[in-house]
Amino acid sequence: MRPLKNIDTVSHRVPSVWNYRLQRWMLTPAVRMTWRVFIPTMLLIGVSVFFLFEETRWVTVKHSLMDLRHSIEQSPEFMVKLVSVDGASDDVDHDIREILPIDLPMSSFDLDLENIRATIVGLDAVKDASVRIRPGGILQVNVNERVPVVVWRTSESLRLLDESGVAIAFLNSRTERPDLPLVAGEKADEHIDEALTIYASAAHLAHRIRGLVRVGERRWDVVLDRQQRILLPSDSPLQAFERVLALSEADNMLQRDISVIDMRISSRPTLRMSKQAREELWHIREINEVEQ
């Protein structure tokens, strides 16, 4: 018969309930993640903070990072050396290159593309623009230039306007752009679309029109050669002008000695004879009175 083992030895080899629970708890995902990731990370952060807490070490690290960044930014791959402008006339191209707030060569990291675009769009002749950096160190500028459609004469100057009435450039003389229609008067630039519509409807009379004058900032006068003038109303000026054209085609009204055709009251058009025609009429009346 075998002798019984020592009870203390047996109890020592059998794990206790608390030991078993501790081992199971250590095997849970949360605890394993804490020991493998969280605690090492916190230790690394603590050591880094302790290492960088000293000002001299922090300045050294900061300068090293700045030198690294500078060396990357100034590398040839990121340097912009040329400017290419597309969609602009020679004068606008010259103006753009003059006002660009950059001094090439320059690192692409130092270029503020939005500021460059805003500077270019600030030119009167530029309607819109896009700016980007092309491979090869080229700053590409694409320009949508304003197109002049009319010459605006003010008391001070001559200006080119686009279809929106935006001033593009100044002119020294009307002869510089004889191909464009002429408008004059205060606030005429705010009604360019209406003026162009009147010009477009002139048809066969277009060669006689010298210009449109904005009167009282509310209506147009059509100035013709032979010192003739058509006074249009503030409301529906196009319809009134077309009515004059119809009358002119019917009986050659504009070929007669008429200085003013007043259409401001549409229900009662008024004609004013030229000075020469009035003098001849008075002379005829005087002769008739003498003969009587």
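This is a short tour of a predicted model, with a suggestion at each stop for what to select.

**The whole chain**

Start with everything shown as a cartoon. You should be able to pick out nine helices and 14 strands. Now switch on the surface: the accessible area of the protein is about 20500 Å², and carbon and sulfur atoms account for 56% of that. Of the 292 residues, 31% count as buried. If you turn on contacts and keep those with a separation of 6 or more, 42% of them link residues 24 or more positions apart.

**Helix H8**

Next, select residues 237–251, which make up helix H8. Its 15 residues reach 22 Å from the first C-alpha to the last, close to the 21 Å expected at 1.5 Å a residue.

Which residues of H8 are buried? Show side chains for Pro237, Ala240, Phe241, Val244, Leu245 and Ser248. They cover an arc of only 145 degrees around the axis, which puts them on the same side of H8. The spacing makes sense, because an α-helix has 3.6 residues a turn and residues three or four places apart point the same way. Roll the view around to the other side of H8 and you'll meet Glu249 and Ala250, which are exposed.

What covers the buried residues of H8? Add these to your selection, all part of the cover:

- helix H7, residues 192–201
- strands E10 (209–215) and E11 (219–224)
- strands E12 (229–231) and E13 (258–262)

**A charge over a ring**

Stay in this part of the chain and select Arg214 and Trp220 as sticks. The charged end of Arg214 sits over the ring of Trp220, 4.9 Å from the ring's centre. If you then go looking for aromatic pairs, don't be surprised to come back empty-handed: a search of the whole structure finds zero.

**Three backbone stops**

Finish with some backbone angles. Select Arg226, in the loop between E11 and E12. Arg226 isn't a glycine, yet its phi is positive, at about 60 degrees. Is Arg226 buried, partly exposed or exposed? With 43% relative accessibility, Arg226 counts as partly exposed.

Move on to Ser236, in the loop between E12 and H8. Here too is a residue other than glycine with a positive phi, near 55 degrees. Ser236 is partly exposed, and its relative accessible area is 44%.

Last of all, hop along to Asn252, just after H8. Asn252 takes a positive phi of about 55 degrees.

How values were computed: Residues numbered from 1 in each chain as written. Predicted model: local features only at pLDDT ≥ 70, side-chain atom pairs only at ≥ 80, totals over all residues. Heavy atoms only, no water. Helix = DSSP H or I, 4+ residues; strand = E, 2+ residues; numbered from the N terminus. Buried < 20%, exposed > 50% of the residue type's maximum accessible area, 1.4 Å probe, protein only. Contact = heavy atoms within 4.5 Å. Areas by Shrake-Rupley, 256 points an atom, 1.4 Å probe, with all protein chains shown as cover. Phe/Tyr/Trp six-rings, centres within 6.5 Å; stacked < 30°, edge-to-face > 60°. Lys NZ or Arg CZ within 6 Å of the ring centre and 35° of its normal. Expected span 1.5 Å × (residues − 1). Arc of directions from axis to C-beta.
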